[in-house]
Amino acid sequence: MNEKKNDFLMLDTGSYFGKARVNDPKYQEDFTFIDTYELSDIDLKPFKCLVIQGLIDQKFLYKHKELIHEFLNDKKVIVFCGNIFMDWLPGGSNFIPKTIHSFQDYAVSVHRPHPIFEGVEEDDMTYNKGVSGFFARGHHPIPDRAEVLLTLPGGEPITYIDRHSTKGTILVHSGNDLFGSMNVKKTTVRISFQLMQWVRNEYQILQEKSEVK
């Protein structure tokens with residue numbers, strides 16, 4: 001049985017980076033793109049994952065946060081990459097910038113091995129053309145029982161999974177879009193594809209738990 005594609009819904013922020021995703025053929029098979037402001041009008045039932053980028057209008061999301069809650073309580077997955085500054089995401093806390101004394105303060109460490117980052121070098125996440133800080137520049141305090149995947153040198157959790165704030169699963173990364181690595185020439189190219197597979201596996205687990213109940 002073939003798995004349904006275009007089952008990742010990505011909200012197009014209208015930014016240059018967002019348009020690059022929309023027009024990239026590598027995204028066409030798995031992603032459906034809509035304008036952010038169409039979220040309240042679209043049927044979300046066909047989608048397994050809602051992908052929200054950092055340049056999103058968070059005031060709009062706050063206004064329609066019940067849609068976010070409903071999506072998650074249907075045992076689905078949300079991936080958010082960016083800096084939260086409003087209370088729209090269940091379990092989410094406002095972004096705290098990292099105090100920087102050296103470029104090494106942006107060094108990324110794997111806190112716990114996970115399939116999303118399997119085979120990805122920490123230095124490839126930390127540095128882009130020799131410059132650090134592109135991957136993440138701070139963190140969000142984690143909700144209770146969240147699973148931390150990546151940290152900064154002070155132990156700040158820059159990537160976590162929350163399976164307890166709702167009936168669904170939330171992945172929060174306090175930096176650039178993790179789905180934006182499809183065209184890079186480093187080990188970070190693995191992240192997008194491994195994240196996509198993890199989301200589908202996670203969705204299946206959520207749905208199977210629902211069937212058991």
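## A tour of the predicted chain

Start with the whole chain in cartoon view: five helices and 12 strands. Both are DSSP runs numbered from the N terminus, helices being H or I with at least four residues and strands E with at least two. The radius of gyration is 16 Å, close to the 17 Å that the globule rule gives for 213 residues, so the chain is as compact as a globular protein of that length. That radius is taken over C-alpha atoms, and the rule is 2.2 Å times the number of residues to the power 0.38.

This is a predicted model: local features need pLDDT of at least 70, side-chain atom pairs count only at pLDDT 80 or more, and totals for chains, interfaces and linings use all residues. Residues are numbered from 1 along each chain as its sequence is written, and side-chain values use heavy atoms, without hydrogens and water.

Next, select Cys49 and Cys81. Cys49 is buried at 0% relative accessible area; Cys81 is buried at 2%. Buried means under 20% relative accessible area, with a 1.4 Å probe and protein chains only. How far is the sulfur of Cys49 from the closest cysteine sulfur? It is 9.6 Å from that of Cys81, too far for a bond. A disulfide needs two cysteine sulfur atoms within 2.5 Å. The whole structure has zero disulfides.

Now move to helix H5, residues 189–212, and select Gln207. A polar atom of the Gln207 side chain lies 3.3 Å from the backbone oxygen of Asp74. Beyond neighbours within four places in sequence, Gln207 is in contact (heavy atoms within 4.5 Å) with Asp74 and Lys75.

Finally, zoom out. Buried residues make up 49% of the chain's 213 residues.

Technical notes: Buried means under 20% relative accessible area, exposed over 50%, partly exposed in between (1.4 Å probe, protein chains only). A polar contact is a pair of N or O atoms within 3.5 Å; within protein, one must be able to donate a hydrogen and the other to accept it, and residues adjacent in sequence count only if both atoms are side-chain atoms.
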